[in-house]
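Reader: Hello! Could you walk me through how to read the surroundings of a bound ligand?

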Amino acid sequence: MKTRHLHDPWVSFAPAHPRRLRPWLNERGSLTARLISHSKQFCVEVIEQRLKPVQHDEARLVKLNARRKGLVREVVLRCNGVPAVFGHTVVCPQHLRRTWRFLARLGNRSLGSVLFANPLVVRQPLHFQRIDRRHPLYRRMATLFPDLPPTLWARRSVFLLKHSPMLVTEVFLPAVLDLPRNELDSTQTTPG
Ligand SMILES: C=C(O[C@@H]1C=C(C(=O)O)C=C[C@H]1O)C(=O)O
């Protein structure tokens, strides 16, 4: 069922267009795995991982008092050396001591390689938003990438482990559309 909340710009359905982006937006498995399967070379570039203020809607999703700082991990997922996805992950610091303690040692390994390997991790539904310079994540990306298009598609979801939430937001850069299709795409193309 499609839901659009009056004051929440994140929607529960992926857009129909751009058509070539849909398989990426709708990917329910690891985005890392999909990027790897579509590129010759893949790497995670960690931009920063530290305590910093987070947006109120993010704080609410990770059960963080909005006046406190969250642990924020920002990465660029590069395919064949080209930035393809900007990853922005938020957790409440108190959950770093136990549930999400692996984050301290993750480094430039993909978060997805750990999350999707743990059967106890539950992913809540994805939500989507087309962001522009009015959104703080877009403005953050503008400091990292020259010549951004005026709008970018983003998706986010909460990963739960022992009732501790981790909010993962992924913003898709134009280079994703240039990645070659592969044999999986023909079986997984979203109809319509
Ligand atoms: C959740 C995943 O992990 C990816 C890797 C990230 C990281 O290393 O910080 C962040 C966002 C994700 O795109 C995934 O691969 O699906």
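Reader: Which elements each supply at least two residues of the shell around the ligand?

Author: Glad you asked; keep in mind that this is a predicted model. Begin with the helices and strands that line up around the ligand. Here they are α2 (31-37), β2 (70-79), α4 (111-115) and β7 (164-172). The largest share comes from β2, with three residues.

Reader: Which residues of the shell come nearest to the ligand?

Author: A residue counts as near if one of its heavy atoms lies within 4 Å of the ligand. There are 14 such residues, and L31, T32, R73, L111 and E170 come nearest.

Reader: How do the residues of the shell divide into nonpolar, polar and charged?

Author: Sorting by class is a good second step. In this shell, seven residues are nonpolar, four are polar and three are charged.

Reader: Which side chains have an N or O atom by an oxygen atom of the ligand?

Author: For a polar contact, look for a pair of N or O atoms within 3.5 Å. Three side chains can be named here. T32 has a polar side-chain atom 2.5 Å from a ligand oxygen. For E170, the distance from a side-chain N or O atom to an oxygen of the ligand is 2.6 Å, and for S30 it is 2.9 Å. The ligand on its own would expose 390 Å², and the protein buries 100% of that.

Reader: Where does the ligand sit with respect to the largest cavity?

Author: To find a cavity, set the ligand aside and look at the protein atoms alone. The space that the ligand takes is the largest cavity. The structure has one cavity of 30 Å³ or more, and the largest cavity holds about 230 Å³ of space.

Reader: How many residues line the largest cavity, and which lie nearest its centre?

Author: The lining has 21 residues, with S110, L111, G112, V168 and E170 nearest the centre. Two or more lining residues come from each of α2, β2, β3 (82-91), α4, β6 (152-161) and β7. By class, the lining comprises nine nonpolar, eight polar and four charged residues.

Reader: Thank you, I can now find my way around the ligand!

How values were computed. Residues are numbered from 1 along each chain as its sequence is written. This is a predicted model: local features need pLDDT of at least 70, side-chain atom pairs count only at pLDDT 80 or more; totals for chains, interfaces and linings use all residues. Side-chain values use heavy atoms; hydrogens and water are left out. A polar contact is a pair of N or O atoms within 3.5 Å; within protein, one must be able to donate a hydrogen and the other to accept it, and residues adjacent in sequence count only if both atoms are side-chain atoms. Accessible areas come from the Shrake-Rupley method with a 1.4 Å probe; for residues, only the protein chains shown count as cover. On a 1 Å grid over the protein atoms alone, a cavity is a set of points where a 1.4 Å probe fits but cannot get out, and a pocket is an open set with protein on both sides within 12 Å along at least five of seven lines; lining residues have an atom within 4 Å of a point. A molecule sits in a cavity or pocket if more than half of its atoms lie within 2 Å of its grid points. Helices (H or I, at least four residues) and strands (E, at least two) are DSSP runs, numbered from the N terminus. Ala, Val, Leu, Ile, Met, Phe, Trp, Tyr, Cys and Pro count as nonpolar, Asp, Glu, Lys and Arg as charged, and the others, Gly among them, as polar. Grid points are joined across faces, edges and corners, and a volume is the space filled by probe spheres set on the points.
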